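Let's take a friendly walk through this fold together. Have a look at the model below before reading on.

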Amino acid sequence: MASLVRWGQRLSAGCSTRTLSNSARRQADAAFKYYPSEAPPSLSGSTKKMNLCQAINSAMDVAMENDSSAILFGEDVAFGGVFRCSEGLQDRYGKHRVFNTPLCEQGIIGFGIGAAVMGSTAIAEIQFADYIFPAFDQLVNEAAKYRYRSGDLFNCGALTVRASWGAVGHGALYHSQSPEAYFAHTPGLKVVVPRGPVQAKGLLLSCIRSPDPCIFFEPKVLYRQAVDEVPEGDYEIPLSKADVIREGSDVTLIGYGTQLHVLHKAAEEAQEKHNISCEVIDLQTIMPFDEETLIKSAMKTGRVIVSHEAPLTGGFGAEIAATIQEKCFLHLEAPVQRVCGWDTPFPHVFERFYVPSKWRCLEAIKAIVKY
């Protein structure tokens with residue numbers, strides 16, 4: 001266990017370009033540039049500079065302070081977890097509310113379902129999304145269906161499952177996966193991925209207070225790299241509402257999580273070098289997703305590209321593409337394009353060739369305009 005914790009600390013530290021060699025730093029810079037977000041204008045009060053990890057910690061702190069039934073549990077969360085997202089919470093709320101579990105993902109989620117059914121607000125941590133699969137049955141056959149099978153007599157809507165997610169630069173096949181599409185296929189679950197600290201805090205609080213069980217995937221490469229001025233108080237960002245982060249007229253670019261920043265950079269270069277105006281949309285909630293915003297943008301631009309780190313075949317981009325083709329067919333100037341990970345296990349030394357880079361996105365933008 002100690003070796004796993006040390007490995008997690010190195011992985012988390014490796015998310016910061018300050019710890020990298022010059023060569024690795026150039027590679028990280030080429031991979032994506034983080035675009036900070038501002039808090040919604042409707043929010044008042046003081047802000048504080050937070051990275052993604054600190055924003056998640058702040059959200060759980062707010063939730064536990066305002067809800068005495070809230071509990072946090074998972075592997076190593078008592079001392080802060082391998083990424084330190086829960087650091088200090090056991091000291092503040094006690095061992096009866098913040099506690100470690102055995103290394104058993106199925107047991108973690110099974111316990112969370114029972115706790116939520118019995119009235120607790122349950123916040124479960126799965127250390128890496130790659131290891132959520134032992135809990136697959138508990139999530140898709142129990143948590144997702146609890147309200148339906150009981151005729152709304154019981155539910156576990158107070159369950160939120162957090163998991164670190166996505167590429168990190170050196171995670172290889174067991175610490176880099178993006179499994180959101182598996183869960184988006186299951187009615188009864190909400191699936192959420194934030195792009196930065198401002199969104200992470202607001203969306204996580206919305207998940208914790210949602211009447212339905214939620215899976216909250218946290219892009220681990222952003223834990224340290226992503227820094228925003230985040231409101232210190234209590235606020236929520238609505239689920240199932242996409243965010244147009246850059247307006248444009250020629251091409252619609254749709255993504256979520258880390259990939260949003262890759263798309264943003266590609267959009268900038270498309271404008272500067274090719275005079276192509278791109279609208280960039282952060283999906284934020286994978287399921288149920290915001291069809292209205294996507295359709296409105298697709299009808300405006302007539303060209304749509306969807307991008308995510310997960311493999312191409314069966315990825316959630318296919319669902320978005322099908323929806324837009326069905327609802328916007330007569331408005332499209334070209335078929336919807338997907339720029340995604342490849343249909344292979346996630347590689348280690350070849351990660352740079354696997355993830356959908358800004359160069360692949362830029363080539364797709366040029367191609368769809370020329371179609």
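A polar contact here is a pair of N or O atoms within 3.5 Å, where, within protein, one must be able to donate a hydrogen and the other to accept it. Keep that in mind for a glutamine in the sheet, and remember that this is a predicted model.

## The sheet

Let's begin with the strands. Seven of them form an open sheet with mixed pairing, in the order β3-β2-β4-β5-β7-β6-β12. At the edges sit β3 (98–100) and β12 (285–287), each of which pairs on one side only. On average, neighbouring strands of this sheet are turned by 20° against each other, direction ignored.

Moving through the pairings, β4 and β5 run parallel and are joined by six bridges; Ala-122 has Leu-159 in β5 as its bridge partner. Six bridges also join β5 to β7, again in parallel, and here Val-161 stands opposite Ile-215 in β7. Towards the β12 edge, β6 (residues 190–192) and β12 run antiparallel and are joined by two bridges, with Met-287 in β12 as the bridge partner of Val-191.

## Strand β5 and helix α3

How many of the residues of β5 are buried? Seven of its seven residues are, so to speak, under cover. Both faces contribute: Leu-159, Val-161, Ala-163 and Trp-165 are buried on one side, and Thr-160, Arg-162 and Ser-164 on the other.

Helix α3 (residues 52–66) lies across β2 (70–74), β3, β4 (121–128), β5 (159–165) and β7 (214–219). The helix runs at about 140° to β2.

## A glutamine in β4

Now for the residue promised above. Gln-127 is located in strand β4. With a relative accessible area of 6%, Gln-127 falls under the 20% cut-off and therefore counts as buried. The side chain of Gln-127 reaches the backbone oxygen of Glu-75 at 3.3 Å. Gln-127 and Ser-37, by contrast, are 26 Å apart in space, C-alpha to C-alpha, and 90 residues apart in sequence.

## Two nonpolar cores

In soluble globular proteins, nonpolar side chains tend to be buried together. In this model the largest nonpolar core has 61 residues, and the ones with the most contacts inside it are Ile-56, Val-251, Leu-253, Cys-278, Ile-305 and Ile-365. Helix α3 gives the most to this core, with nine residues. Another core, of 52 residues, lies apart from it and includes Phe-99, Ala-124, Ile-215 and Met-287.

Cys-278 is a good place to zoom in. Not counting residues up to four places away in sequence, Cys-278 touches Arg-246, Glu-247, Gly-248, Val-251, Leu-253, Ala-267, Ala-270 and Ile-365. Next to Ile-365 in the numbering comes Lys-366, found in helix α15 (residues 358–370). The side chain of Lys-366 makes a polar contact of 2.9 Å with the side chain of Glu-363. Leaving aside neighbours within four places in sequence, Lys-366 is in contact with His-274 and Ile-276.

## Aromatic pairs

The structure holds 15 aromatic pairs. In one of them, the rings of Phe-136 and Tyr-182 have centres 6.4 Å apart and planes at 85°, so the pair is edge-to-face. This pair links helix α6 (residues 136–143), home of Phe-136, to helix α8 (residues 180–184), home of Tyr-182, across 46 residues. Phe-136 is partly exposed, at 26% relative accessible area.

The rings of Phe-183 and Phe-217 have centres 6.3 Å apart and planes at 45°, so this pair is tilted. Phe-183 in helix α8 and Phe-217 in strand β7 are 34 residues apart, and both are buried. Elsewhere, Phe-83, Phe-128, Tyr-131, Tyr-174 and Tyr-223 form one aromatic cluster.

## Around α6 and α8

In α6, the buried residues include Gln-138, Leu-139, Val-140 and Ala-143. Among the elements covering the buried residues of α6 are α5 (105–117), α7 (146–149), β5, α8 and β7.

Ala-184 belongs to helix α8. Is Ala-184 buried or exposed? At 11% relative accessibility, Ala-184 counts as buried. Not counting residues up to four places away in sequence, Ala-184 touches Val-191, Ile-286, Met-287 and Phe-316. Ala-184 and Ile-215 are 31 residues apart in sequence and 9.8 Å apart in space, C-alpha to C-alpha.

Technical notes: Residues are numbered from 1 along each chain as its sequence is written. This is a predicted model: local features need pLDDT of at least 70, side-chain atom pairs count only at pLDDT 80 or more; totals for chains, interfaces and linings use all residues. Side-chain values use heavy atoms; hydrogens and water are left out. Two strands pair if DSSP finds at least two bridges between them. Helices (H or I, at least four residues) and strands (E, at least two) are DSSP runs, numbered from the N terminus. Axes are lines fitted to C-alpha atoms, for helices over the stretch in contact, and angles run from 0 to 180 degrees between N-to-C directions. Contact means heavy atoms within 4.5 Å. A nonpolar core is a set of buried Ala, Val, Leu, Ile, Met, Phe, Trp, Tyr and Cys residues joined through side-chain atoms within 4.5 Å. Buried means under 20% relative accessible area, exposed over 50%, partly exposed in between (1.4 Å probe, protein chains only). Rings of Phe, Tyr and Trp (its six-membered ring) pair if their centres lie within 6.5 Å; planes under 30 degrees apart count as stacked, over 60 as edge-to-face and the rest as tilted.
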